[in-house]
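Here is my note on the model. Please read the points with the structure open beside you.

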There are 2 protein chains.
Amino acid sequence: MSDLTAGRLSVYLRCLTTLEADGVKTISSGTLAERFHLNAAQIRKDLAYFGEFGVRGVGYYVADLKTHLRAILGLDQPVRVGIIGAGNLGRALADYPGFRKEGFVIVALFDTDPECVGRQSRKGVHILHTDEFKRMAKAGKINIAVVAVPGDAVAGVVDLVVKSGIRAVLNFSPGTIQVPPGVKLKNVDLTVSLESLSFFLARGGDD
Amino acid sequence: MSDLTAGRLSVYLRCLTTLEADGVKTISSGTLAERFHLNAAQIRKDLAYFGEFGVRGVGYYVADLKTHLRAILGLDQPVRVGIIGAGNLGRALADYPGFRKEGFVIVALFDTDPECVGRQSRKGVHILHTDEFKRMAKAGKINIAVVAVPGDAVAGVVDLVVKSGIRAVLNFSPGTIQVPPGVKLKNVDLTVSLESLSFFLARGGDD
DNA sequence: TTTTGTGAACTAGTTCACAGCT
DNA sequence: AGCTGTGAACTAGTTCACAAAA
């Protein structure tokens with residue numbers, strides 16, 4: 001199963017949440033695709049890979065499919081997130097409402113700056129010293145590490161994260177880092193995102 | 001030219017900046033690939049599309065290629081960015097050092113909350129009322145719009161942005177929005193990113 | 001009749017491998 | 001000898017189109 005599929009499952013889950021709030025009980029791939037600008041065949045193929053969730057002639061039961069998707073995405077049990085880097089971005093992520101909404105638990109922020117260690121974010125996420133990270137991860141208190149440190153610190157931090165036994169990392173820091181097999185790294189590179197758009201404008205912007 | 005290629009060009013540019021700082025004058029695709037965990041053939045193909053920048057038997061001149069890439073990415077002239085949504089995330093993005101480093105100019109933050117309009121971010125980016133956005137965009141003061149508003153506001157904001165003549169949008173808000181042809185929309189969905197990682201862990205995490 | 005699930009066809013993207021230039 | 005630029009081969013991802021099920 002590809003990375004792109006995983007992302008789409010997450011999108012489908014959000015669509016279903018919207019539909020449920022609207023009181024929709026059952027939805028066909030065609031209607032779902034139309035309403036959320038997706039592709040019906042792709043929805044069916046993505047879902048069919050994990051089981052036969054649909055009913056021919058009817059479609060999918062919203063509540064039922066939602067439960068299945070949450071389980072497939074591992075959201076049927078709490079997912080604990082530790083954020084390394086308590087700068088502006090790290091703290092914004094710690095307080096991001098979208099994470100809590102889907103059941104993620106932000107365990108703590110981690111930083112090395114004595115100025116902010118011991119303090120907490122606006123919404124009350126505690127800032128611990130990065131030295132604490134390994135102990136907490138080893139104790140099974142962190143499932144996913146989010147890295148939001150300056151570029152020159154990222155290599156060391158990712159090394160620490162991997163050595164702590166973490167197997168999923170969401171990285172916001174720049175750089176072409178590598179992780180050992182068995183560890184999943186997802187990069188969100190803000191500069192690259194913005195430069196891609198600049199490229200589009202520079203090209204004439206007609207595609 | 002695909003979106004993925006544009007992203008890689010941005011990555012190459014950053015690699016070259018690092019190399020230049022290290023005093024490297026010339027680099028082959030093979031060495032570049034090895035050092036930054038990239039693919040040599042892909043680097044050559046990506047670059048060759050825009051011109052014959054390399055010298056056979058030698059490689060690429062770092063400073064020269066960097067200039068070319070900056071021009072291709074439209075970074076040879078200032079790119080002006082307006083950020084709509086002055087919440088935690090919007091303000092963190094406004095102050096993000098990586099943007100300034102590559103020559104982006106953060107024109108202003110925009111929000112509708114009277115509580116924060118008139119104030120400014122830590123680094124001094126002014127927060128204007130969203131009503132001002134259209135005027136500034138029409139006056140050519142904004143090239144790229146960054147959207148970081150709550151999910152229920154995103155449709156209206158993107159509509160405003162498009163009506164203001166903006167042709168490149170970086171969206172951090174959730175939802176499957178659509179823009180007319182000729183407008184480039186890039187989504188950074190934080191919840192989807194995190195859920196993809198959760199999916200990987202739930203699957204057993206061995207790929 | 002409606003809609004799923006899925007093989008087959010298609011499209012996009014990556015990597016190989018080597019001719020040709022320096 | 002070394003390295004680029006590029007056609008050809010390959011791999012991955014998407015969409016089509018339809019048989020089978022409710």
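What is the volume of the second largest pocket? About 1000 Å³. The points below start there and then move to the cavity, the DNA strands and the aromatic rings.

1. Basis. This is a predicted model, in which local features need pLDDT of at least 70, side-chain atom pairs count only at pLDDT 80 or more, and totals for chains, interfaces and linings use all residues. Residues are numbered from 1 along each chain as its sequence is written, chains are lettered from A and ligands numbered from 1 in the order written, and side-chain values use heavy atoms, with hydrogens and water left out.

2. Second largest pocket. A pocket here is an open set of points on a 1 Å grid over the protein atoms alone, with protein on both sides within 12 Å along at least five of seven lines; lining residues have an atom within 4 Å of a point. Grid points are joined across faces, edges and corners, and a volume is the space filled by probe spheres set on the points. The lining of this pocket has 43 residues. Closest to the centre are A:Pro150, A:Gly151, A:Asp152, A:Pro174 and B:Lys101.

3. Who builds that lining. Chain A supplies at least two residues from each of α5 (88-94), α8 (154-163) and α9 (190-202). Chain B does so from α1, α2 (29-36), α4 (62-72) and α6 (97-101). Helices are DSSP runs (H or I, at least four residues), numbered from the N terminus. α1(B) gives the most, seven residues. By class, the lining has 17 nonpolar, 13 polar and 13 charged residues. Nonpolar covers Ala, Val, Leu, Ile, Met, Phe, Trp, Tyr, Cys and Pro; charged covers Asp, Glu, Lys and Arg; the others, Gly among them, are polar.

4. Cavity. Rolling a probe the size of a water molecule over the atoms shows where empty space is left. A cavity is a set of grid points where a 1.4 Å probe fits but cannot get out. The count is one cavity of 30 Å³ or more. The largest cavity holds about 30 Å³ of space. Its lining is A:Leu89, A:Leu93, A:Phe172 and A:Leu190, plus B:Leu89, B:Leu93, B:Phe172 and B:Leu190. α5 of chain A and α5 (88-94) of chain B each give two or more of these residues. The lining divides into eight nonpolar, no polar and no charged residues.

5. DNA strand C. There are 23 residues around this strand (a heavy atom within 4 Å counts as near). A:Ser29, A:Arg44, A:Arg56, A:Gly57 and A:Tyr60 come nearest. Sugar and phosphate make up 62% of the strand C atoms within 4 Å of the protein. For polar contacts (N or O pairs within 3.5 Å; within protein, one atom must be able to donate a hydrogen and the other to accept it, and residues adjacent in sequence count only if both atoms are side-chain atoms), three phosphate examples follow. The side chain of A:Tyr60 has an N or O atom 2.7 Å from a phosphate oxygen. For B:Arg8 the distance to a phosphate oxygen is 3.0 Å. For B:Gln42 it is 3.2 Å. α3(B) gives the most to this surface, with four residues.

6. DNA strand D. Here 24 residues surround the strand, and A:Arg56, B:Ser29, B:Arg44, B:Gly57 and B:Tyr60 come nearest. Of the strand D atoms within 4 Å of the protein, 62% belong to sugar or phosphate and the rest to bases. A:Arg8 places a side-chain N or O atom 3.0 Å from a phosphate oxygen. Two arginines reach bases: A:Arg44 lies 3.2 Å from a base nitrogen, and B:Arg56 lies 3.0 Å from a base oxygen. The largest share of this surface is four residues from α3(A). The residues divide into eight nonpolar, eight polar and eight charged.

7. Aromatic rings. The structure holds ten aromatic pairs over all chains. Rings of Phe, Tyr and Trp (its six-membered ring) pair if their centres lie within 6.5 Å; planes under 30 degrees apart are stacked, over 60 edge-to-face and the rest tilted. A:Tyr96 and A:Phe99 are edge-to-face, at 5.0 Å and 70°. Both are buried (under 20% relative accessible area; exposed is over 50%, partly exposed in between; 1.4 Å probe, protein chains only). B:Tyr49 and B:Phe50 have centres 5.0 Å apart and planes at 75°, so this pair is edge-to-face. B:Tyr49 is at 45% relative accessibility and therefore counts as partly exposed. A:Tyr49, A:Phe50 and B:Phe199 form one aromatic cluster.
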